[in-house]
Each structure stands twice: as structure tokens, then as C-alpha cells.
Amino acid sequence: MPQLPSHAHYVVIGAGIHGLSTAMHLARKLAARGKTVGPGGTRIVVLDKTGIGAGASGIACGVIRNNYYQPAMRELMAHCVSVWETDPEAYSYHPVGYMQISPESMHAQVGTIYEQQKAIGYESAFVEGESECMRYMQGILADWQAKNITSVLHEKRGGYANNMASLEGLAAKAREAGVEIVEGVTVTSLHMSHGAGHVTAVATSAGVMGCDQVVVGVGPWINSIWNMLDLPKTVTIKGRDGKLNQGIPMWHYMALQEGTLGVDPDYQKTNDGRMPPVIHVDTDAPLYSDRDGRLITDKLWGLYYKPDFHFGGVQGGAMPAVVDRPADEVRVDPYGTRSPEFVVDDNFADMWTSALAFCQKRFEGQHAVYRKEPSGGIGCFTPDSFPVFDRFRENVYVIADSNHGYKMIGVGDLVSDELLGGKSALLEPFRFSRYAEGKLHPVSNSPFPWS
Ligand SMILES: Cc1cc2nc3c(=O)[nH]c(=O)nc-3n(C[C@H](O)[C@H](O)[C@H](O)COP(=O)(O)OP(=O)(O)OC[C@H]3O[C@@H](n4cnc5c(N)ncnc54)[C@H](O)[C@@H]3O)c2cc1C
């Protein structure tokens, strides 16, 4: 069993993207203030019940984009992309760009995203009209054939990163800055001061460790830590009409549907022989099976994909599936591809490979090379599917990204400022109080809950 110190100034629970990024940025900022970080100085201890990347960050598709309908999300993502850009090599970041390709029902909303990207200096191009979109796409990928598309937002920054490689890069930087990362230690409960004002110690599978501050970055396990903190299982949300909606569950789960087509990643090169941007398509054109011609859906649907050497093929996904049971009844462990319940099935394989063929002729008839291996995983979502970044019980900072936060590598940077007494304007729109106060983010027409 690993040895824990009897006390740490900062205990970070979870060695995913947020725990590692927060620990690294915090250590660097303390050092910049002349403090020693590590044994004898300020101790920042990251605990993970399994190991680095054992959660959602380690299986994430890795897409990094700015495209969000909510201004606060866009501003936060612009900051995050700039953090990815600080060290593309260490973070295994591929800045190939990102495309949001949409039907008429999303045209106007995506147009506002483009306008606001211009306003914040985030470079993108916006193409409008069915024939213009077809021409633009075929100028990049000659076999483009997706129907009912009337706008293309082409973000020139962003792209994707390799999940485990980026986490190893972050962990190396954190350790170099004096952070202690302890793997194989589970936090089992939190000791509260009298009156439950603050957390005085964390109880773990390797003993009790006193602490001054706790950072929670546990991704899909947030419901269990929320319970340890004895926080409310339901919330009241003030709607846009001013009405109070009571008893809304704080957490719900969805299963992310992802897979890989086993072709050479080079198969998806652009007309000029380069790696293409990450492609995300939403459309209301009917989708027929590329295997047997049956109608899969005639409702709004979407997919995303990218050639990826790390996954060894063209990898991507589609809309998530609802996990229809209360959060306390969802079996999070074993997680990810080891879960007996939450990996994708053949319906996903048919839908996604058919969707690829719908978009590009080169994917027609390729369903047989879909990789029949476990893929996908669950995520824990907030009531509005946007993050909660906030302090609870005085000294516990919760980073709950509502399962679209692999891209949010810069949140740890901002959280570390707040741990040191600052206030981040970028994090302000993500406080828990927004539900009671009705300060809600606008909702888009996208079929995805995270756009
Ligand atoms: C299949 C899939 C694909 C995704 N693709 C993308 C994408 O393309 N782009 C994007 O931006 N986001 C994506 N996401 C979402 C993204 O992966 C998550 O939002 C993000 O990784 C969460 O990071 P985290 O640091 O909060 O948690 P995690 O990465 O889940 O890490 C949490 C860690 O906490 C540890 N832990 C949990 N409980 C305890 C405890 N009690 N004691 C000690 N340790 C504990 C776990 O072992 C784990 O290692 C995807 C998610 C999934 C599931």
C-alpha cells in the first residue's frame, strides 16, 4: 500500500485532465511566489484510486473545439485551446482544426457562434448555402456527399489530442513542479469539522490524511464524492419564465457512443494530402443503413470523426444514449471499455458506419472493417449539461465538467488561481448558484447535449 503523508496542504482527488492540470498549475504558481513545493514545503498530493488516466480522460476521443452556442463556454474554450497550444508535443495535441457542419435548423445559431468567435479573435470561416457548403467541403475532401447541409463553421484552431499521451505529459510536468501523484489509493470518506463547515481530512484506503484544501476532479465518479460531501441530490432550478422547478436530480448519466473504423488513418487524407480537420456533422436528412438499406432515422442526428493514429483508424462517435436510472443506481465501476453494461452495441456500429458513408463516398461499404472491440463509456451530467466549477464546504473545490471537459485543460489553470485567492471571470458563469438564481446558459438546437 502506498505511504501517504499525515497532512497535505492540497489534496487533489483524481488524476484525470482536471486533477493533473490543477495540480501542475498550482505548483507552478506557488513556486513563482517563492514557495517550495513538495516534502518539507507546500505539499500537493494527487490521489487516484486506480492510476493516471483511469477515468474518462483516458478514453476520451480527444476532440478540442471552440464551437459552443453558449458565449461563456466559448470564452472558456478559447482559453483552454491556448493552453493546449503552449506545448503541443508534451500534450500530444494535433491542431488540425474543427468543422461544425449543420442543417438549416442550426444555421442561424451557428452563425452567431461565428460572429462571436470573430469578436473574441478566435479564427474561423463560415460558409453558408447548400451549394456553397458542398463546394467548400469537396474542395477539402473530393468525395464529400452529405445532404441537407446549409452551413459550415470551420474553426482554424483546435483539433484533437491523444488521451493517455497528454495525461502522461501533464503528469510529468506536475511531478517536475513538485506534485506527488499517488496511484492505487481510494478516497472513501471525508472528515468534516463540527457543523460540516469544512473538510479536515480525507479517509483513504491507505489511511487518513489531514488537509487544508481539497480539489475534486473525479469525472464520472462525482456522484459518490457529492454524497460524501452530503450535498443535495436534487436542485431547484429557476426557469427562464421565472418559475421554480423543484426536485430536479443533480446528476444523471449518459453513455457515450464511440468506435473506430479499422482503416489506415491516411485513408482520410485531404485532397492535398494533409490530415483533415475533425469533422462534426449534424443533419436532418434521413439516414439509411450502409449494410442493408433500412431506414435508421429520419430525425435530426449527428456524428463526429477524425483519422487518428493513436486509435489506429478513423475514430469518432455519435449522440450519447440515455442511462435511464437514478445516479445512485448507476454502476460506474468497472469503468469504460471494461464495463459489462456501457460499451457500444451493433446498432451503434451500423449507425456510425452508415453515417460515415453518408458523409463521404470512400466510407461506403466499409462497415465490415469496423473494429469489434469494446468502446465508449459513461459520463455524469449536471441538470443543464454544463459544468459546475465551485467551492463547497468552504475548502472543497469541485470541478464537475458535465462530461465534455477533456478539451478543458485550461480549467485547472483558472481553478489554481481561485485556490490562491483569486477570482476567475471565465469560471463565474459555472457556479452552482446559477440553478437557484436562474442564470442559465442558452440552449442550442443541436442533437448533442454538450453543444
Ligand atoms: C467515451 C468518451 C469520449 C469523450 N470524448 C471527449 C472529447 O472528445 N472531448 C472532450 O472534451 N471530452 C470528451 N469526453 C469527456 C471527458 O473525457 C471528461 O469530461 C473528462 O475527461 C473528465 O475529466 P476529469 O479529470 O474530471 O475526470 P476523469 O478523467 O474521469 O478522472 C477521474 C479520476 O478520478 C479517479 N477517482 C474517482 N473516484 C475516486 C476516489 N474516490 N478516490 C480516488 N480517485 C478517484 C478515477 O480513478 C479517475 O482516474 C469524453 C468522455 C467519454 C466517456
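Here is a short chat about the cysteines, a small set of strands, the salt bridges and one helix in this predicted model.

Visitor: Let's start with cysteines. How many disulfides does the structure hold?

Guide: Take Cys-61, whose closest cysteine sulfur is in Cys-359. The two sulfurs are 15 Å apart, too far for a bond, given that a disulfide needs them within 2.5 Å. For the structure as a whole, the disulfide count is 0.

Visitor: Is Cys-61 buried or exposed?

Guide: The cut-off for buried is under 20% relative accessible area. Cys-61 comes in at 5%, and Cys-211 also falls below that cut-off, at 7%. So Cys-61 counts as buried.

Visitor: On to the open sheet with the order 3-8-4. Which strands stand at its edges?

Guide: This sheet has 3 strands, and the pairing is antiparallel. An edge strand has a single partner, so one of its sides is left without a neighbour in the sheet. That describes the strands at 63–64 and 93–94, namely strand 3 and strand 4.

Visitor: Which residue is the bridge partner of Val-63 in strand 8?

Guide: Strand 8 covers residues 159–161 and pairs with strand 3 in the antiparallel sense, over 2 bridges. Val-63 has its bridge partner in strand 8, and that residue is Tyr-160.

Visitor: Now for charges. How far apart in sequence are Arg-294 and Asp-350, the two residues of one salt bridge?

Guide: Side chains of opposite charge can pair when their charged atoms come close. Here the N to O distance between Arg-294 and Asp-350 is 2.7 Å. Arg-294 sits in the loop between strand 17 and strand 18, while Asp-350 belongs to helix 7. Along the chain, the separation is 56 residues.

Visitor: Which residue of that pair counts as buried?

Guide: Arg-294 has 37% relative accessibility, so it counts as partly exposed. Its partner has 3%, well within the buried range of under 20%. The buried one is Asp-350.

Visitor: What parts of the chain does the Glu-418 and Arg-431 pair link?

Guide: The closest N and O atoms of this salt bridge are 2.7 Å apart. Glu-418 is buried at 6%, and Arg-431 is buried at 8%. The two are 13 residues apart, and the parts they link are helix 8 and the loop between helix 8 and helix 9.

Visitor: Which residues do shared salt-bridge partners join with Arg-294 into one network?

Guide: The structure holds 25 salt bridges, and the one between Arg-294 and Asp-350 is among them. Salt bridges that share partners join these two into one network. Its other members are Arg-291, Asp-292 and Asp-346.

Visitor: And Arg-331 with Glu-341: where do they lie?

Guide: Their side chains meet in a salt bridge at 3.5 Å, N to O. The pair ties together parts that are 10 residues apart in sequence. Glu-341 is partly exposed, at 33%. Both residues lie in the loop between strand 20 and helix 7.

Visitor: Last one, on helix 4. Which strands do its buried residues pack against?

Guide: The buried residues include Cys-133, Met-137 and Ile-140. They cover an arc of only 55° around the axis, which puts them on the same side of helix 4, whereas Arg-135 and Gly-139 are exposed on the other side. The packing partners of the buried residues are strand 5, strand 6, strand 7 and strand 16.

Terms used:
Residues are numbered from 1 along each chain as its sequence is written. This is a predicted model: local features need pLDDT of at least 70, side-chain atom pairs count only at pLDDT 80 or more; totals for chains, interfaces and linings use all residues. Side-chain values use heavy atoms; hydrogens and water are left out. Buried means under 20% relative accessible area, exposed over 50%, partly exposed in between (1.4 Å probe, protein chains only). Two strands pair if DSSP finds at least two bridges between them. Helices (H or I, at least four residues) and strands (E, at least two) are DSSP runs, numbered from the N terminus. A salt bridge is a side-chain nitrogen of Lys or Arg within 4 Å of a carboxyl oxygen of Asp or Glu. The arc is that of the directions from the helix axis to the C-beta atoms. Contact means heavy atoms within 4.5 Å.
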